[in-house]
Amino acid sequence: MLTEILKQNPTDAFARYGLAMAYSSEGKQEAALTEFSTILQHTPDYVPAYQMSAQELLKAGRTDEARERLAAGLAACERTNNAHAASEMQAMLDDLS
């Protein structure tokens with residue numbers, strides 16, 4: 001169903017996020033990361049994509065990329081006034097130090 005929505009509207013961040021999460025739950029890390037990156041290209045203020053993609057990057061052992069994603073996510077949180085997500089991402093970033 002999500003792929004059908006994306007055929008109609010490839011920039012639908014919510015549908016693409018759902019697809020990324022489905023890939024993640026199936027253990028398809030690279031596919032999930034590709035979907036998260038696509039979201040962020042089209043919708044740079046879609047905050048959940050930063051946090052979840054950082055988690056995927058950490059699972060893949062790509063710590064430096066996860067740090068970069070979290071830093072970008074914190075900037076998105078500031079733009080969107082999302083203090084809750086900012087605190088969660090800052091905690092993840094602090095754990096990496």
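With a relative accessibility of 27%, Ala 31 is classed as partly exposed in this predicted model. Ala 31 belongs to helix H3. Between Ala 31 and Glu 56 there are 11 Å from C-alpha to C-alpha, although the two positions are 25 residues apart in sequence.

A contrasting case is found in helix H4, where Gln 51 is located. The relative accessibility of Gln 51 is 13%, and because buried residues are those under 20%, Gln 51 is counted as buried. Its side chain is engaged in a polar contact with the side chain of Glu 88, at 2.9 Å. When residues up to four places away in sequence are set aside, Gln 51 touches Met 89 and Met 92 as well as Glu 88.

Met 89 also appears in the description of the nonpolar interior. The largest nonpolar core comprises 21 residues, and Met 89, together with Phe 36 and Ile 39, ranks among those with the most contacts inside it. Two or more residues are contributed to this core by each of helix H2 (13–25), helix H3 (29–42), helix H4 (47–59), helix H5 (63–80) and helix H6 (83–96). The greatest contribution comes from H6, which supplies five residues.

The surroundings of Ile 39 were examined further. With neighbours within four places in sequence left aside, Ile 39 is in contact with Ala 13, Arg 16 and Tyr 17, and likewise with Pro 44, Tyr 46 and Ala 49.

Conventions
Residues are numbered from 1 along each chain as its sequence is written. This is a predicted model: local features need pLDDT of at least 70, side-chain atom pairs count only at pLDDT 80 or more; totals for chains, interfaces and linings use all residues. Side-chain values use heavy atoms; hydrogens and water are left out. A nonpolar core is a set of buried Ala, Val, Leu, Ile, Met, Phe, Trp, Tyr and Cys residues joined through side-chain atoms within 4.5 Å. Buried means under 20% relative accessible area, exposed over 50%, partly exposed in between (1.4 Å probe, protein chains only). Helices (H or I, at least four residues) and strands (E, at least two) are DSSP runs, numbered from the N terminus. Contact means heavy atoms within 4.5 Å. A polar contact is a pair of N or O atoms within 3.5 Å; within protein, one must be able to donate a hydrogen and the other to accept it, and residues adjacent in sequence count only if both atoms are side-chain atoms.
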